[in-house]
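This briefing is meant to be read alongside the sequence and the three-dimensional structure. It goes through strands, helices, an annotated region and a few individual residues in turn.

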Amino acid sequence: MAKLTYKDAGVDKEKGYEEVELIKQIVKKTHGSEVLADIGGFAGAFAPNLDGIKNPVLISGTDGVGTKIKLAMDMDKHDTVGIDCVAMCVNDIICQGARPLFFLDYIATGKLDPKKMADLVSGIADGCKDSDAALIGGETAEMPGIYKEEDYDLAGFAVGIADKEKIITGQNLKEGDIAIGLASSGVHSNGFSLVRAAMDQAGVSLEDKFDESQTIGEKLLTPTKIYVKDIEKLKENVEIKAISHITGGGLYENIPRVLADDLSVNFDLSKLDKDPIFEKIQEWGNIDTEEMYHTFNMGIGMVVFVDPSDEEKALEILGENSKTIGKVVKGSKDIKVNL
């Protein structure tokens with residue numbers, strides 16, 4: 001009878017040790033004085049700065065990147081989906097007014113490739129730095145038999161902090177308040193199953209040219225925009241009534257989450273510049289316009305609601321990638337979109 005080792009069963013411990021050494025320096029770049037433990041222990045330790053916070057509340061969120069991962073694998077380009085993973089988590093928790101504190105990642109793969117894993121973690125670290133969050137730990141699981149050798153999946157978990165009295169709930173939202181849209185960086189990390197189906201139907205390849213500077217694959221892998229610094233700056237100067245992260249389901253499904261039962265929002269997107277990637281996807285799949293707006297962000301990655309008296313100031317703070325796109329009205333959580 002053969003003597004089996006863990007390596008014979010498909011799990012290479014030495015590759016795991018190599019990966020840890022590769023990512024240690026990457027991870028440390030996200031650490032500040034609040035981080036109390038180096039990566040490689042059993043847990044991460046974080047002592048948050050509570051200056052100015054009377055009643056601290058921890059706010060958390062978890063998410064993945066969906067089937068956008070498949071594009072990264074097909075293109076053998078793994079250094080951007082980590083940014084997406086961070087963005088999907090931190091963009092959710094800032095909707096409640098949280099300041100991101102730290103992030104943890106989970107990677108599962110069929111066969112451990114330390115360089116590929118280091119690329120993934122490098123992207124996660126980039127996202128954390130853009131969020132002013134520390135990457136304090138994670139897990140890489142080698143799972144032969146569950147995943148194909150070259151395949152992997154990625155998920156993350158973010159924790160933020162807010163003063164209880166300053167948590168953004170939408171309860172102060174009222175008729176007449178203004179909706180300001182913050183531009184997305186593209187498709188972000190939702191709807192990629194439909195994107196891939198549309199590409200297959202049209203016979204479009206990831207290597208085909210999107211424009212003079214990039215391929216379709218490169219365009220689609222554009223990382224999800226992280227809005228942490230925009231929202232932090234706005235919070236310092238303006239009362240934010242509500243924030244909605246526009247993910248899968250678009251405006252139609254995400255805006256009602258911040259509305260009281262007697263409020264609706266009328267949007268006017270007729271003068272909004274359209275990212276041509278959405279026109280391409282619609283063309284490839286012969287997709288109805290209504291289906292597009294019920295699936296994708298369609299160029300709006302986040303919506304913030306402010307009092308009309310704060311509209312001009314908010315737009316000035318948020319800059320050229322922001323625009324007034326709607327108004328709160330009486331109703332029953334109805335979302336009307338003028339295109």
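**Strand β4 and its partners**

Strand β4, which spans residues 152-163, is mostly covered, with 9 of its 12 residues buried. The model is a predicted one, and the points below describe its strands, helices and loops as they were computed from it.

- Strand β1 (residues 56-64) runs antiparallel to β4, and the two are joined by 9 bridges; within this pairing, Gly64 stands opposite Ala155 of β4.
- Strand β2 (residues 99-109) also pairs with β4 in the antiparallel sense, here through 10 bridges, and Arg99 has Ile161 as its bridge partner in β4.
- Strands of a sheet are held in such pairs through backbone hydrogen bonds, in either a parallel or an antiparallel arrangement.

**Gly138 in strand β3**

- Gly138 belongs to strand β3, which covers residues 134-142, and with a relative accessibility of 49% Gly138 counts as partly exposed, because the exposed class begins over 50%.
- Once neighbours within four places in sequence are set aside, Gly138 is in contact with Leu104 and Asp105.
- Gly138 and Ala155 are separated by 17 residues in sequence, and their C-alpha atoms lie 9.9 Å apart in space.

**Helices α3 and α5**

- Helix α3 (residues 81-93) consists of 13 residues and reaches 19 Å from its first C-alpha to its last, which is close to the 18 Å expected at 1.5 Å a residue.
- α3 is mostly covered, since 12 of its 13 residues are buried; among them are Val81, Ile83, Val86, Met88, Val90 and Ile93, together with Asp84 and Asn91.
- In helix α5 (192-202), the buried residues include Phe192, Val195, Ala198 and Met199, and viewed down the axis of α5 the buried residues fall within an arc of 115°, so they line one face of the helix.
- The buried residues of α5 pack against α2 (68-75), α6 and α9 (276-285), whereas the face turned away from the buried side carries the exposed residues Asp200 and Gln201.
- Just after α5, Gly203 takes a positive phi of about 70°.

**The loop between α5 and α6**

- Thr215 is found in the loop that lies between α5 and α6 (216-220), and at 16% relative accessibility Thr215 counts as buried, because the cut-off for burial is under 20%.
- Not counting residues up to four places away in sequence, Thr215 touches Met75, Leu206, Glu207, Asp208, Lys209 and Phe210.

**The annotated RRM region and the six-stranded sheet**

- An unreviewed UniProt entry carries the annotation "domain: RRM" for residues 256-339; over residues 256-339 the chain is 27% helix and 31% strand, and the C-alpha atoms at the two ends are 19 Å apart.
- An open sheet of 6 strands follows the order β6-β8-β5-β9-β7-β10 and has mixed pairing. Its edge strands are β6 (242-245) and β10 (335-338), each of which pairs on one side only.
- Neighbouring strands of this sheet are turned against each other by 25° on average, direction ignored.
- Strand β8 (residues 300-306) pairs with β6 in the antiparallel sense over 4 bridges, and the bridge partner of Ile243 in β8 is Val304.
- Helix α11 (residues 311-318) packs on the sheet, where α11 touches β5 (178-183), β8 and β9 (322-330), and the direction of α11 makes about 10° with that of β5.

**Two non-glycine residues with positive phi**

- Met298 has a positive phi of about 55° although Met298 is not a glycine; this residue lies in the loop between α10 (289-293) and β8, and Met298 is buried, with a relative accessible area of 9%.
- Lys333 likewise is not a glycine and has a positive phi, here of about 65°; the place of Lys333 is in the loop between β9 and β10, and Lys333 is partly exposed, with a relative accessible area of 31%.

How values were computed:
Residues are numbered from 1 along each chain as its sequence is written. This is a predicted model: local features need pLDDT of at least 70, side-chain atom pairs count only at pLDDT 80 or more; totals for chains, interfaces and linings use all residues. Side-chain values use heavy atoms; hydrogens and water are left out. UniProt positions are given in the numbering used here, feature names are shortened, and annotations may be inferred rather than shown by experiment. Two strands pair if DSSP finds at least two bridges between them. Axes are lines fitted to C-alpha atoms, for helices over the stretch in contact, and angles run from 0 to 180 degrees between N-to-C directions. Contact means heavy atoms within 4.5 Å. Buried means under 20% relative accessible area, exposed over 50%, partly exposed in between (1.4 Å probe, protein chains only). The expected span of a helix is 1.5 Å times one less than its number of residues. The arc is that of the directions from the helix axis to the C-beta atoms.
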